[in-house]
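Welcome, and thank you for taking a look at this protein chain. Let us walk through it together, one part at a time.

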Amino acid sequence: MIFLQLFYVFSKIGIFNFGGGYAMLSLIQNEVVEKHHWLTTTEFTDIVAISQTTPGPIGINAATYTGYTAIINAGYPTWAAILGAVLASLSILWLPFILMISISRFLLKHSSSKPVNDIFSALRPAIVGLIAAAAILLMSPENFGNPSENMFCFVVSVIIFLFSFVGTRLFKIHPILMIILCGLAGLLIY
C-alpha cells in the first residue's frame, strides 16, 4: 500500500512541477509532511539542507530520502526501504521524461510562435511564486527557532541568515565558502 502511495505522490509531484527543484519544494512538503505524515517538518528541512550539499537535483534527492524514510517508519526492513527510495526517485522522473520526449519536437518546431511564447510568459510568474513559497516555507520555527521559546537561538539564526544573504548577494562570496562559514558559526555559537 505504501509503495503505491509513494508512486502516486511522486508521480503527481513530477508531472505538476514547473521551475525546477525549489519550485517543487512546497509541493513535496505539502504531500509528505502535511498529508501523509511520512516526515516531520524538521526532517523535511534536513532534506533541503542535505540536498544542497549532495550532487543531484533537489527533487530527486528529496524523493529518495522520503521513499527510504517512509518505508523504514512503516516498519519494513532496510532492503524494502531501498526499494522505496528507488521507486520514489523514479516516480518523480518518469512522467516528465515522457512528456518532454513527446513535446520536444513540437517545441523546437514552434518555439517562436506566439501561443508558445504566451504560455511560457504565463509560466514565469507562476514559477517565481512557487520558488517564493518554498522560501517562505523554509522560514519556519524549525529553521530559525521560536522567539517565544528561545530568543537567543532566533536572533542568532536571523543574523546568520542576513550575513549569508548579504555576503552572497552584495559581496559575491562564493556559496560554498558561505556554507562553510555559517557551519563554523553554528558550531561555535551552539
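A good place to begin is methionine 151, which is partly exposed because its relative accessible area is 48%, a value between the 20% limit for buried and the 50% limit for exposed. This residue is found in helix H8. Compare its place with that of phenylalanine 106: the two are 45 residues apart in sequence, and their C-alpha atoms lie 55 Å apart in space. Please keep in mind that what you see is a predicted model.

**The chain as a whole**

Stepping back, the chain has nine helices and zero strands. Reading along the sequence gives the pattern α-α-α-α-α-α-α-α-α. Along the principal axes, the C-alpha atoms fill a box of roughly 55 × 45 × 30 Å. Of the 190 residues in the chain, 29% are buried. Among contacts with a separation of 6 or more, 55% are accounted for by residues 24 or more positions apart.

**A closer look at helix H2**

Helix H2 covers residues 21-35, and its 15 residues should span 21 Å at 1.5 Å a residue. The expected span counts one less than the number of residues. The C-alpha atoms at the two ends of H2 are 20 Å apart, which agrees with that expectation. H2 does have a bend, of about 30°, at leucine 27.

Which residues of H2 are buried? They are Ala23, Met24, Leu25, Ser26, Ile28, Gln29, Glu31, Val32 and Val33. These buried residues pack against five helices, listed here by name and range: H1 (2-15), H3 (41-53), H4 (58-73), H5 (78-110) and H6 (114-138).

**Two residues with positive phi**

Most residues other than glycine have a negative phi. Against that background, two loop residues are worth finding in the model. Histidine 37 follows H2 and has a positive phi, and lysine 172 has a positive phi too. The table sets them side by side.

| Residue | Phi | Loop | Relative accessibility |
|---|---|---|---|
| Histidine 37 | near 55° | between H2 and H3 | 59% |
| Lysine 172 | near 55° | between H8 and H9 | 64% |

Are these residues buried or exposed? Histidine 37 counts as exposed because its relative accessibility is 59%, and a value over 50% is what exposed requires. Lysine 172 is exposed as well, with a relative accessible area of 64%.

**The largest pocket**

Rolling a probe the size of a water molecule over the atoms shows where empty space is left. In this model, the largest pocket has a volume of about 1400 Å³. How many residues line the largest pocket? There are 30, and those nearest its centre are Val48, Gln52, Leu138, Phe161 and Ser164.

Several helices share in this lining. H3, H6, H7 (141-144), H8 (151-169) and H9 (175-189) each supply at least two residues. Which helix gives the most to the lining? That is H8, with seven residues. By type, the lining residues of the largest pocket divide into 18 nonpolar, nine polar and three charged.

Key: Residues numbered from 1 in each chain as written. Predicted model: local features only at pLDDT ≥ 70, side-chain atom pairs only at ≥ 80, totals over all residues. Heavy atoms only, no water. Helix = DSSP H or I, 4+ residues; strand = E, 2+ residues; numbered from the N terminus. Bend = angle between axes of the 7 residues up to and from the residue. Buried < 20%, exposed > 50% of the residue type's maximum accessible area, 1.4 Å probe, protein only. Contact = heavy atoms within 4.5 Å. 1 Å grid on protein atoms, 1.4 Å probe; cavity = no way out; pocket = protein on both sides within 12 Å on 5 of 7 lines; lining within 4 Å. Points joined across faces, edges and corners; volume = space filled by probe spheres on them. Nonpolar A, V, L, I, M, F, W, Y, C, P; charged D, E, K, R; others polar.
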